[in-house]
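I opened my notebook to look up one structure. I begin with its surface, then go inward.

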Amino acid sequence: MNELISPARSIHGAVMLPGDKSISHRFAMLSAIAEGTSTIRNYSGGADCQSTLGCVEALGAVVERDGKDVTVRGRGLEGLRAPAARLDAGNSGSAIRMLSGILAGQKFISEIAGDESLARRPMDRIMQPLADMGARIEAREGRFPPLRIEGRPLHAIDYTLPVASAQVKTCVLFAGLFAEGTTIVREPVRTRDHTELALREFGADISARKGVISVTGPARLEARELVVPGDLSAAAFFLVAALLIPDSNLVISGVGLNPTRSSLLDFLAGMGANVRVLDVRQESGELVGDISVRSGPVRGGVLEGAMTAALIDEVPALAVLGAVTEHGIVVRDASELRVKETDRIATIAENLGRMGVQVEACPDGLRVPGGQRFRAAELDSFGDHRIAMAFSIAALAADGPCTIRSAEAASVSFPEFYSTLRQIAS
Ligand code: S3P
């Protein structure tokens, strides 16, 4: 599907976001192995989180969907059953990597795979620690999906993450729920801590302090009534839209403000962006608030080290913003972008180039000089939801209408993205 995006004069109004993708995955998986029926309000309608629901259903959890609300009748830690067919994680790295931690602790063999993009993403990062815990896993060429996971009695390990990855951390902690003893994950670089918060919410024996997270198994999780906050990574596109287009004024309500994610707002504010947080509260263990953003000059900045790990999903949007900042944006330490849904360094550089924007790509980052303009162009999502959304925003600031090819990729995390954009752009 192609989407035609016309230039906007201003962005204004209020935005409703989908439920946070990261939190939705975790709540669904933990509900499936909890005792009793959990309700999850504002569950992400994105295809990725629907893939996770499909997988937990295939494993025996009973799932009922009612608009944005989902109920999951859990099977308890020991109650999942062998799926009748290969599990389908779709486009979702989170689904395959995190679920593998649960599959490793089962008494049955399962297979899990996904679409073409997922088939190219590395799984050795989870295979190694799961093998250390006692699971047997085979993969195509030793590291790519499909995965064949032979669940076994697991033992606890003490594991230091070699890559800054919340998916890997989560996979090991989920396997740790099934293992005898205390599994420890050490993270040299802090990553999103939704798993730690969710495990606490479900009643697991978990502690997390200064980058050392421990969980003791076998665990007994209890069903919960949960609310998923709005997805800050989805909000990022609208924040950038309001900053790019003059005379803009936007309010985004009910956004997840977990400190391991909300450094986006600090980064933007540090560059002089007019972004404010109002009415912070707590729901299902997570911080939630409303964000107001107004257009105005943005200086530009450097994203590196731990900040890059925290904002890794926001790089496509920030690269677009970089072009219209005063001094531009430099992104370093971002080699993980090469193994996301697409090689995002390449796909960002390709689309910026098509818009006549100067950009320098390097193996682990990019530099987008400031003070540039976007030329109308034919752009491509390359099947990557964040590339579709980032360049739809760039198109709003172009000197003529732009086409986004394979625009439907946005529905992986945000099915209502284009209708929301049409509501707020004029
Ligand atoms: C996620 C972690 C990140 C992120 C992804 C969601 C999660 O991936 O890019 O969109 O929910 O834990 P990595 O853990 O591979 O960095």
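How much area does the protein expose, and what share do carbon and sulfur atoms supply? I looked it up: the protein exposes about 15,600 Å², and carbon and sulfur atoms supply 47% of it. Accessible areas come from the Shrake-Rupley method with a 1.4 Å probe; for residues, only the protein chains shown count as cover.

I noted the ground rules next. This is a predicted model, where local features need pLDDT of at least 70, side-chain atom pairs count only at pLDDT 80 or more, and totals for chains, interfaces and linings use all residues. Residues are numbered from 1 along each chain as its sequence is written, and side-chain values use heavy atoms, without hydrogens and water.

I checked overall form. The C-alpha trace spans about 60 × 45 × 40 Å along its principal axes. Of the 426 residues, 61% are buried (under 20% relative accessible area, 1.4 Å probe, protein chains only).

I counted 13 helices and 23 strands. Both are DSSP runs numbered from the N terminus: helices are H or I with at least four residues, strands are E with at least two.

I then picked one sheet. It is open, has 4 strands in the order 18-19-21-20, and its pairing is mixed. Strands pair if DSSP finds at least two bridges between them. Strand 18 (301–303) and strand 20 (360–362) are at the edges with a single partner strand each, so one side of each has no neighbour in the sheet.

I looked inside the sheet last. Strand 19 (residues 329–331) and strand 21 (residues 365–368) run antiparallel, joined by 3 bridges. Val331 has Leu366 of strand 21 as its bridge partner.

Key:
Buried < 20%, exposed > 50% of the residue type's maximum accessible area, 1.4 Å probe, protein only.
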